[in-house]
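Subject: Structure handover

Hello,

Here is the structure for you to look at. My notes on its cysteines and a surface patch follow below.

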Amino acid sequence: MVVGTGASYMKPLKVDYIAISPAQTIDLLLEANQPKDHYYMAARVYSRAAGVNFTGRLRSLARGDHPISVLQNVTHKFLFTVSVNTLPCANDSCAGPNGSCLAASMNNISFVSLSIDILQAYYYRIKGVYGNQFPSKPPLKFNYTADYLPLALETQQNGTEVKVIEYNSTVEMVLQGTNVVAGTDHPMHLHGTSFYVVGWGFGNFDKKKDPKNYNLVDPPLQNTIAVPKNGWAAVRFQAFNPGVWFMHCHLERHLSWGMEMAFIVKNGPTPDS
């Protein structure tokens, strides 16, 4: 029986299996009502359908003693692609596709970590450490989940760009998986706050049709969402925690390749904020 995920209570859900990705937590109750014997628990790589079916059934407890507050309206709407990319190597000398090496990106920007951290640079106003022009949508619109994509789409830009938002902003963020180089699931984790997973699906996100199917009543509250291969996930959160907060894929290889970005949430108007 699933009773919680991401440190938040869920409506009890009886299941035969769970689908869990890196950085996720799931709370279970197990009734030992079988005959005395030896039993085992097994794990394996899950299929897209199994993962979506499981997560799509999760619902916040959402009752009087555990109320929730799902954002009905938002001040910011972002569409972020998550992709595996390539970087050219001298004389095509690397072991990746066409002699390249592998990289990763969000909205076609591969994050570059520097010796001075962004939090320090932001509060001490150190110039030249990061830029504040992380795009709100992909710089190039294309069929993100097509089976075959032009090689020109595989090369990304390198940079240290952030998205700056005001204190208490309300945000909808759609994370769109792509089939650039190789599509796969991406467990995307946000530091500093949890978010409501209001929707997800396969294919390209349709901003006119897909929001009509959002769950704005009792969606699960999580801090990591597995974006399905060649699919998308939509989350909503309120930026009430000032600071610099990273958003990244929790597959360590993708993280090291640059599949990350950062939000800067400005200070609020009171000493407590």
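First, a term: buried means under 20% relative accessible area, exposed means over 50%, and partly exposed is in between (1.4 Å probe, protein chains only). This is a predicted model: local features need pLDDT of at least 70, side-chain atom pairs count only at pLDDT 80 or more, and totals for chains, interfaces and linings use all residues. Residues are numbered from 1 along each chain as its sequence is written, and side-chain values use heavy atoms, with hydrogens and water left out.

Cysteines

A disulfide here is a pair of cysteine sulfur atoms within 2.5 Å. That rule gives one disulfide. Cys-89 is joined to Cys-94, S to S 2.0 Å. Their link is left-handed, with -95° about the S-S bond. Cys-89 is buried at 14% relative accessibility. Cys-94 is partly exposed at 30%.

Why is Cys-101 not bonded to Cys-89? The closest cysteine sulfur to that of Cys-101 is in Cys-89, but 4.0 Å is too far for a bond. Cys-101 is partly exposed, at 27% relative accessible area. Cys-249 is in no disulfide either; its nearest cysteine sulfur belongs to Cys-101, 18 Å away. Cys-249 is buried, at 0%.

Surface patch

Ile-116, Leu-119, Tyr-123, Tyr-124 and Ile-126 make up a nonpolar surface patch (residues with over 30% relative accessible area and no salt bridge, nonpolar side chains joined within 5 Å). A salt bridge is a side-chain nitrogen of Lys or Arg within 4 Å of a carboxyl oxygen of Asp or Glu. Together the patch residues have about 480 Å² of accessible area (Shrake-Rupley method, 1.4 Å probe). Ile-116 is partly exposed at 32% relative accessibility.

Best wishes

Key: Patches are made of residues with over 30% relative accessible area and no salt bridge: like charges are joined within 9 Å, nonpolar side chains (Val, Leu, Ile, Met, Phe, Trp, Tyr) within 5 Å.
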